[in-house]
Amino acid sequence: MAEQRQGPGDARGGRDGVPEAGEARGRRARAGEPEEPEVADAWTDLVETARRTVRDALVVGTSGNVSVRVGDTVLVTPTGVPYDRLTPDDVVGVDLAGRQVLGSLLPTSELPMHLAVYNSTDARAVVHTHAVHATALSTLVTELPPVHYMAGALGGSVRVAPYATYGTPELAENMLRALADRSGCLLRNHGTITYGATLDQAYDRTAQLEWMCRLWLTASSVPGLSPALLSPEQMAEAQERLRGYGQP
């Protein structure tokens, strides 16, 4: 969902809505909130990942969102704030029940989806995008056709979760059903969501999913021809081999 952009000064102190130096840190200190190096490092990585989704054209403006889990705290991008404006003082964190424990900016409107993933899987990071090819494909099929073996890296055939309004428990429930035994799925007329053990892994899965959707759309657009698809046996073999892929 394209987040609503807040006006200058909304939920942000300082001139033109940009926090004055140390302002947010001071608020946290006055509230007795800890300044933990692990949280600061995770927030830096989260902001960089969010900016990467823009650079790689997986989102436009403030659409999409990113989160990472540190202990029992979920750091998440705020709603309606362009990623290039985020600073180390803008950290936003909630507990696993959704109660805000860090920062003053409001968390993403898609928080229910992120929390549903963390409360139902071993995820440590979640990436949600509105990638154009994946979103286009989500309007056409109920499952990404098995056009490439890299679907095995997401656990198998990639399902499309039925449509529900953004930010609702219904969407989170639909997503969880589509994610059963998978680490990524499509959201009908909406976008993608993937998770992983790290932000890099979650992001890479998103990028692979968008690439596979683009591949299928490209191949299926050739008049008079249909893409060759992998059989369930071929997909299962690829999935098994992918479990041991990469450096030990």
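In the description of pocket linings that follows, Ala, Val, Leu, Ile, Met, Phe, Trp, Tyr, Cys and Pro count as nonpolar, Asp, Glu, Lys and Arg as charged, and the others, Gly among them, as polar. By this scheme, the lining of the largest pocket divides into six nonpolar, six polar and five charged residues. The model in which this pocket was located is a predicted one.

The volume of the largest pocket is about 490 Å³. Its lining comprises 17 residues, and those nearest the centre of the pocket are A153, L154, Q201, R205 and L242. Two helices, α6 (199-220) and α7 (232-242), each contribute at least two residues to the lining of the largest pocket. Of the lining, the largest share is that of α6, with five residues.

At the level of the whole protein chain, seven helices and eight strands are present. The protein chain has 248 residues, of which 47% are buried. Its accessible surface amounts to about 12,000 Å², and carbon and sulfur atoms account for 53% of that area. Among contacts in the protein chain with a separation of 6 or more, 67% are between residues 24 or more positions apart.

Helix α3 (residues 111-120) is mostly covered, with seven of its 10 residues buried. The buried residues in α3 are L111, M113, H114, L115, A116, V117 and Y118. One of these, H114, is joined through its side chain to the side chain of S67 by a polar contact of 2.7 Å. S67 itself belongs to strand β1 (residues 65-70). Because its relative accessibility is 0%, and buried means under 20%, S67 is classed as buried. When residues up to four places away in sequence are not counted, S67 touches L46, V74, L75, V76, H114, Y118, A125, V126 and L199. These partners of S67 thus include H114 and Y118, both of which are buried residues of α3.

A second residue with a relative accessible area of 0% is T206, which is therefore buried. T206 is found in helix α6, the helix that supplies five residues to the lining of the largest pocket. Not counting residues up to four places away in sequence, the contacts of T206 are with L58, V127, T129, T192 and T194.

Two loop positions were examined for spatial proximity to residues distant in sequence. S109 is located in the loop between β4 (100-102) and α3. With a relative accessible area of 23%, S109 is partly exposed. The C-alpha atoms of S109 and T168 are 8.7 Å apart in space, although 59 residues separate the two in sequence. T165 lies in the loop between β6 (160-161) and α5 (169-179). The relative accessibility of T165 is 43%, so this residue counts as partly exposed. T165 is 25 residues from H190 in sequence, with a C-alpha to C-alpha distance of 9.3 Å.

Backbone torsions were considered next. Most residues other than glycine have a negative phi. A57, which is not a glycine, has a positive phi near 60 degrees. This residue, A57, is placed in the loop between α2 (37-55) and β1. Its relative accessibility of 53% lies over the 50% limit, and A57 therefore counts as exposed.

D181 likewise has a positive phi, of about 60 degrees, although it is not a glycine. The position of D181 is in the loop between α5 and β7 (184-187). D181 counts as exposed because its relative accessibility is 70%. Its C-alpha atom is separated by 8.8 Å from that of L154, 27 residues away along the chain. With residues up to four places away in sequence left out, D181 touches L154 and G155. Of these two partners of D181, L154 is also among the residues nearest the centre of the largest pocket.

Methods: Residues are numbered from 1 along each chain as its sequence is written. This is a predicted model: local features need pLDDT of at least 70, side-chain atom pairs count only at pLDDT 80 or more; totals for chains, interfaces and linings use all residues. Side-chain values use heavy atoms; hydrogens and water are left out. Helices (H or I, at least four residues) and strands (E, at least two) are DSSP runs, numbered from the N terminus. Buried means under 20% relative accessible area, exposed over 50%, partly exposed in between (1.4 Å probe, protein chains only). A polar contact is a pair of N or O atoms within 3.5 Å; within protein, one must be able to donate a hydrogen and the other to accept it, and residues adjacent in sequence count only if both atoms are side-chain atoms. Contact means heavy atoms within 4.5 Å. On a 1 Å grid over the protein atoms alone, a cavity is a set of points where a 1.4 Å probe fits but cannot get out, and a pocket is an open set with protein on both sides within 12 Å along at least five of seven lines; lining residues have an atom within 4 Å of a point. Grid points are joined across faces, edges and corners, and a volume is the space filled by probe spheres set on the points. Accessible areas come from the Shrake-Rupley method with a 1.4 Å probe; for residues, only the protein chains shown count as cover.
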